Amino acid sequence: MIVTMGEEELRKLWPKLITIKEKGYPIKDATYYVKLVKDRPVGHICYKDMGNWYFIGNSYVQRAYRGQGIYDELMTVRNNDLNNKPKITILIPIENS
């Protein structure tokens, strides 16, 4: 199941969540699409409505759930919901990559 929630709500379920602001983006209070398995978050992707466009930010899938199509599922649901304005992202390198 995929649900949407704010940063604070997700942090209650995922205490080690690294928000887009903590990751280095100059944005706070993003909306997260969250993949739940047995009512626990296993992956997320986020965005922030900037008025005329969407800022596309952080995504993460826990290692044990990678390779199962969760990232693609999250991205597809988000993109289908946000199809009325441009989507812009700024890439920040992943550690050790």
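Y33, Y47 and Y54 form one aromatic cluster in what is a predicted model. Of the cluster members, Y33 and Y47 are both buried.

The protein chain holds three helices and five strands, which follow one another from the N terminus in the order β-α-α-β-β-β-α-β. Its C-alpha trace spans about 35 × 30 × 25 Å along the principal axes, and the radius of gyration of 13 Å agrees with the value near 13 Å that a compact globule of 97 residues would have. Buried residues account for 34% of the 97 residues, while carbon and sulfur atoms supply 51% of the roughly 6,300 Å² that the chain exposes. Among contacts between residues at least 6 apart in sequence, 55% join residues at least 24 apart.

The aromatic pairs number four, and the table gives two of them.

| Pair | Centre to centre | Angle between planes | Class |
|---|---|---|---|
| W14 and Y60 | 6.0 Å | 65 degrees | edge-to-face |
| Y33 and Y47 | 6.1 Å | 40 degrees | tilted |

The pair of W14 and Y60 links distant parts of the chain, since W14 lies in the loop between α1 (7-13) and α2 (20-23) and Y60 in strand β4 (residues 54-61), 46 residues apart. W14 has a relative accessibility of 9% and therefore counts as buried, whereas Y60, at 37%, counts as partly exposed. The pair of Y33 and Y47 likewise links distant parts, with Y33 in strand β2 (residues 31-37) and Y47 in strand β3 (residues 40-49), 14 residues apart.

As for charge, the mean positions of the 15 positive and 11 negative charges of the protein chain are 4 Å apart.

Definitions and conventions: Residues numbered from 1 in each chain as written. Predicted model: local features only at pLDDT ≥ 70, side-chain atom pairs only at ≥ 80, totals over all residues. Heavy atoms only, no water. Helix = DSSP H or I, 4+ residues; strand = E, 2+ residues; numbered from the N terminus. Rg over C-alpha atoms; globule rule 2.2 N^0.38 Å. Buried < 20%, exposed > 50% of the residue type's maximum accessible area, 1.4 Å probe, protein only. Contact = heavy atoms within 4.5 Å. Areas by Shrake-Rupley, 256 points an atom, 1.4 Å probe, with all protein chains shown as cover. Lys, Arg positive; Asp, Glu negative; His and termini not counted. Charge placed at Lys NZ, Arg CZ, Asp CG, Glu CD. Phe/Tyr/Trp six-rings, centres within 6.5 Å; stacked < 30°, edge-to-face > 60°.
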